[in-house]
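Here is a short briefing for a first look. Keep the sequence and the model side by side as you read.

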Amino acid sequence: MARLSRLIGIVFGALFCVGCVSDKVAFKEEKIIFNGDSHPYAVYTPANYDPAKAYPTVVFLHGLFEGGSDGKSQTRVGIGPAIQKNPDRWNCVVIMPQTSSNWQKSESIDLASAVLDDASKKYHLDPKSITITGLSNGGAGAWLLGAKYPGRFAGLAPICAFSEYDSAPKLTGIPIWAFHNKGDFIVGAGGSKEMVERINRAGGNATITLYGGIGHNCWDKTYEDPAVVAWLQKPVRK
């Protein structure tokens, strides 16, 4: 019940922070058959995309309110608008899966992994430079995806994420940079702080940036930060 209440809270909170996105960049529409059903996902490739070159890759997990099956809603909040605003910063491939459920379900985590597998067949992704990021419920999904497939990812950046404490011991081998507003009244920053502390106590390499802002939306500030964008494209898995 506690988790359900938190999910309902984020749906309510998302009503105050859904943004719009221009058509400056056209995201590619792809589909995958997963568990017998068709699931759309979106892909960003840089303007100078060269199929012969291996690109760093970012997997973005949307918030609860952007879930569904249209294949587009997940591009309108978070990383999508940041790419639209400054596409020159994103010299990488960005994979944006979409779940009609939520990222805290095992089936959704497996869907995200399957989408990455499918994208790997269609685009030239650098397998040693794949990072995960997500906002809110998608931030929880980032914790879970990284914990379930720890050897696959070079970095993890959860933003205003729900905590997933059981995942902490499994995330010690991945560089992590978390983000949260101190005044987030939808998903408190304490969970992110505790995740970072638990990961580091277990021998991991995690850090957190706490903004002084109030409210849930710290993703716009995060994805528009050139240092964060560079970090998402830089990690290389050993």
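**Charged pairs and one glycine**

E30 is buried, at 17% relative accessible area. Keep in mind that this is a predicted model. The points below start from E30, move through its charged partners, and end at a glycine in a loop.

**The E30 and K122 pair**

- How many salt bridges are there by the rule used here? The count comes to eight.
- Side chains of opposite charge can pair when their charged atoms come close.
- K122 and E30 form one salt bridge, with 3.3 Å from N to O.
- The two ends sit in separate elements: K122 is in helix α3 (residues 106-122), and E30 is in strand β1 (residues 28-34).
- They are 92 residues apart in sequence, so the salt bridge ties together distant parts.
- Is K122 buried or exposed? K122 falls in between: it is partly exposed, with a relative accessible area of 38%.
- E30, by its 17%, is buried because the cut-off for that class is under 20%.

**The R152 and D117 pair**

- R152 forms a salt bridge with D117. Their closest N and O atoms are 2.4 Å apart.
- This pair also links distant parts of the chain, 35 residues apart.
- Where do the two residues lie? R152 is in the loop between α4 (137-148) and β6 (155-159), while D117 is in helix α3.
- R152 is partly exposed, at 21% relative accessibility.
- D117 is partly exposed as well, at 35%.

**A network and a further pair**

- Which residues are joined into one network by salt bridges that share partners? They are E30, D118 and K122.
- R201 and E194 also meet through their side chains in a salt bridge, at 3.6 Å from N to O.
- R201 counts as exposed, with 59% relative accessibility. The class starts over 50%, so R201 belongs to it.

**G67 and its surroundings**

- G67 lies in the loop between β3 (55-61) and α2 (79-85).
- G67 is partly exposed, with a relative accessible area of 28%.
- Which residues does G67 touch, leaving out those up to four places away in sequence? They are H62, Q98 and T99.
- G67 and S101 are 34 residues apart in sequence. In space, their C-alpha atoms are 6.8 Å apart.

Technical notes
Residues numbered from 1 in each chain as written. Predicted model: local features only at pLDDT ≥ 70, side-chain atom pairs only at ≥ 80, totals over all residues. Heavy atoms only, no water. Salt bridge = Lys/Arg side-chain N within 4 Å of Asp/Glu carboxyl O. Helix = DSSP H or I, 4+ residues; strand = E, 2+ residues; numbered from the N terminus. Buried < 20%, exposed > 50% of the residue type's maximum accessible area, 1.4 Å probe, protein only. Contact = heavy atoms within 4.5 Å.
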